[in-house]
Amino acid sequence: MRTAEIRRRFLDFFAERGHTVVPSAPLPTPDPTLLFVNAGMVPFKPYLTGEAPAPWPRATSVQKCVRTLDIEEVGRTTRHGSFFQMNGNFSLGDYFKEEAIVFAWELSTAPVSEGGYGLDPGRIWVTVHHSDDESRGLWRRIAGLPDERIVARGDEDNFWSMGVPGPCGPCSELYYDRGPALGRAGGPAVDEDRYMEFWNLVFMQYERGEGPGKSGYPILGELPRRNIDTGMGLERMATLLQGADNLYEIDETRPVLDRAAALAEVRYGADAEADVRLRVVADHVRTALMLLADGTVPGNEGRGYVLRRILRRAVRSMRQLGYGDPALPDLLAVARDCMAPSYPEVAEAFDRIADRASSEEDAFRTTLRQGTTVLDTAVAKVKAEGGRSLPGAQAFLLHDTYGFPIDLTLEMAAEQGVEVDREGFTTLMREQRERARADARARKTGGTDLSALRPVLDAHGPTDWRAWDTLTTDSRILAVLGFSGPAPVAREGEIVTVVLDRTPFYAESGGQDSDAGRLSGTSVEAEVLDVQRPLPGLVVHQVRVLSGELAVGDPVHAAVDPEWRLGARQAHSGTHVLHAALRQVLGPHALQSGSYNRPGYLRLDFPWRGALSPTVRGEIEEAANQALRRDLPVGVRWTTLPEAKELGALALFDETYGEKVRVVEIGGAWSRELCGGTHVEHASQIGTVALTSESSVGAGTRRLEAAVGAEGFGYLARERDLVTRIAEQLQVPRAELPDRVAGLLNRLKSADRENQRLREQADRARASDLAADATDVDGTLVVTATTDGDARALAIAVRDRLPATRPGVVAIGAPVGDRATLVAAVNGAARSAGRDASALVKRLLDGRGGGSPELAQGGGIPSERIPDALSSVPGLLTGA
């Protein structure tokens, strides 16, 4: 049974039993604790924890997931995949244990002809929590399982919680015995390769308190509403139903593996280490395909870094298999054909996906070349000094500067017989991450501890957010938090985080910067500096108290700066207009991959290879401003996500959408995007869109920046004034300015070439003169001199003019500001006589400098020391 059919049967089964089918959320998640959705329940978390009312009593989904904590195990075990799909059915205060067990047993064992999976009931084992006698009894009664196939396990295996205070409960897992060829008898407690887990039923019925780890915390009591959260691993069920040995050999991954083997000209199953690498390729290529399809862009941090690492691991694995040519476009095309039956969007977006991956592969191949050179040099130095370990700082430099993965450093160093100080590398990485996290927290929450905000949300519920409707609200202060935690009051001059019961302020999201404005009361005035959503449903304000005091419980008048909001609306609508103009000129694959806008300014990132020509930039700007001149209407409509997709609305990939989505239209179908931002009412209100720059921000990614509104007109006015002044200085009409500037540049280039020719001619003449005036020091011809030019070139020129039959040593000094550079060169006869340029430089510069025995240089000494250094050369050569 193909994986797409397993997926379809699961959704149909639960839809027929009253469950609402919920589409998979995009892999990038707005949950601040996660980079990607890593479990099927993540999109349902607000409903399961009671943070938000559930829109349905029972639901089902097949959720795309990515986990990379065990990425080193990918390919080495049968159970680890970085991308997987989780089939789930959820009861939100509706049914409980009995129905969940009935559903799981019925779907697992019902004949294929009746819509089930047809698993042999005699080979299914289950586990229950050791305290859960109720589930044990239900398995006996419903499934007729004997006691020996109902295994009691402890908290570590069969009691679920999110790791923090909140819902928890026992769980029951279903395992399938794959036969004695795959391991020992005795059930899942003995061998989880032979007995493969395929479904987990979580019974949320208790509330837990504070406590570490997976056990040892107090159970505070029963939940007011019990929930069911189940997860069936789609790949694991496919492994069972397709008779595969592991999840890398099912129909959605095996074709990628086979294509990789064909490219590398190896046979799967012939070599254990090669098999691991083939499985890594099969897994990582599929994961990359799904991440790219959902809009993740390779980068150096966060989600982008995860994707970059996955792509590079795939490329490296192909390299280890002996295949050095570009492989990703070919392999991704195979993965596309495997996944498109369940996810048509991967086929629709494939040109964009392949282009992005190809750019990343090209960049990494360059990284490999550069990093390999640096690594080889570092390893050679370690070995020359008698060492056996590459310093952690060197490994970190390779990672941080050259993008060289640590595992590749470990592998290549080991090939040369050198270990790597992994602990030192890890320490530096940890310090870097801690700095980055601290900086991110400080920027987003003003240093406020997020754990201090959770009680506010629990006590008062979501913020009444009015940013779409009004610029002012009468509000009440629910909480004041400083750097050290909650505070009853904030005084003049303090910067604190404030939570209001309702707010008109737009919180930074969707690329739009947060609003600015004021909070005012009977005896207080405060400036709003930043607005964020650190937790779903909660809006917080970073404010500076200008006068008086802000106290918890006080009423305040919250007012957005109307000029700021106008500029923000112009910029956000301008971003939509520029995006539509970009697609109009470049084609539908020029999709926004990131954006940022604030009053007067916008930037838009999009996948594209190569710079845009001035002509194309002009066409994009013209298309955008044509929309403004046509005064296209701007409208908002609410609809369902499937209906929005039917309309052709473009979605932001890092958002999770609910039952209803907000669609912003500019000129109807001309620009139609899912968006939660603030916008103008007509395109003409944007004023103008003036492109200010176009640049690269990474392999295969370009960035457009523009000034809009009053700032756009100001930018154009400054450009006009600048052109006018230059035209006046050159005394030409403005229309002739490009030709005149081009002529001046050509004349400058010609003058530079002539100056260079004259310098080289003078250097040759001087080199000949210096060689002719060489001093004989114990049979060695010695030349010392200073120059204001290129000391290295002069030293080589003088050396080459000395008689080849006599030993010759040249030392040239060059002042560079307050410091000096010194170059030494020796000819072949001098080398035969034991002269060494590198040793000479080090003696002249107190150990600094280096190079080869024939040519070396160094620096760092004060310029005034050059004459003394050069005068000491004859004495050093004679040993005096």
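At 3% relative accessibility, Glu235 counts as buried, and this acidic residue of helix 6 (residues 234–241) opens a briefing on charged and aromatic side chains in what is a predicted model. A search of the whole structure finds 42 salt bridges, and the count of aromatic pairs comes to 18. The points below take up some of these pairs, together with two arginines placed over aromatic rings.

**Surroundings of Glu235**

- Leaving aside neighbours within four places in sequence, Glu235 is in contact with Phe83, Phe84, Gln85, Leu247, Ile250, Glu252 and Arg286.
- Glu235 counts as buried because its relative accessibility of 3% falls under the 20% cut-off.

**Salt bridges within helix 1**

- Asp12 forms a salt bridge with Arg8, and the closest N and O atoms of this pair are 2.5 Å apart.
- Both residues belong to helix 1 (residues 3–15), where Asp12 and Arg8 are 4 residues apart, or about one turn of the helix.
- Asp12 is partly exposed, with a relative accessible area of 31%, and Arg8 is likewise partly exposed, with a value of 41%.
- The pair also belongs to a network of salt bridges in which Glu5, Arg8, Arg9 and Asp12 are linked.

**Salt bridges between separate elements**

- Arg136 forms a salt bridge with Asp147, with 3.8 Å between the closest N and O atoms.
- Because Arg136 lies in helix 4 (residues 133–143) and Asp147 in the loop between helix 4 and strand 5 (150–153), this pair ties together parts that are 11 residues apart in sequence.
- The two partners differ in their exposure, since Arg136 counts as buried at 16% relative accessibility, whereas Asp147 is partly exposed, with a relative accessible area of 41%.
- Arg703 forms a salt bridge with Asp605, the closest N and O atoms here being 2.7 Å apart.
- That pair links distant parts of the chain, with Arg703 in strand 28 (residues 701–708) and Asp605 in strand 23 (residues 601–607), 98 residues apart.
- Asp605 counts as buried, at 10% relative accessibility.

**Aromatic pairs and a ring cluster**

- Among the 18 aromatic pairs is that of Tyr47 and Trp56, which is edge-to-face, with 5.4 Å from centre to centre and 85 degrees between the planes.
- Tyr47 counts as buried at 17% relative accessibility, and Trp56 counts as buried at 8%.
- The rings of Trp125 and Tyr195 have their centres 5.3 Å apart and their planes at 70 degrees, so this pair, too, is edge-to-face.
- Trp125 in strand 4 (residues 124–129) and Tyr195 in strand 8 (residues 195–208) are 70 residues apart, and their pairing therefore links distant parts of the chain.
- Both Trp125 and Tyr195 are buried.
- Ring pairs also link Phe10, Phe13, Phe14, Tyr95, Phe103 and Trp199 into a cluster.

**Arginines over aromatic rings**

- The charged end of Arg208 sits over the ring of Tyr217, at 3.7 Å from the centre of that ring.
- Arg336 lies over the face of Phe350, and the distance to the ring centre is 4.4 Å.

Technical notes:
Residues numbered from 1 in each chain as written. Predicted model: local features only at pLDDT ≥ 70, side-chain atom pairs only at ≥ 80, totals over all residues. Heavy atoms only, no water. Salt bridge = Lys/Arg side-chain N within 4 Å of Asp/Glu carboxyl O. Helix = DSSP H or I, 4+ residues; strand = E, 2+ residues; numbered from the N terminus. Buried < 20%, exposed > 50% of the residue type's maximum accessible area, 1.4 Å probe, protein only. Phe/Tyr/Trp six-rings, centres within 6.5 Å; stacked < 30°, edge-to-face > 60°. Lys NZ or Arg CZ within 6 Å of the ring centre and 35° of its normal. Contact = heavy atoms within 4.5 Å.
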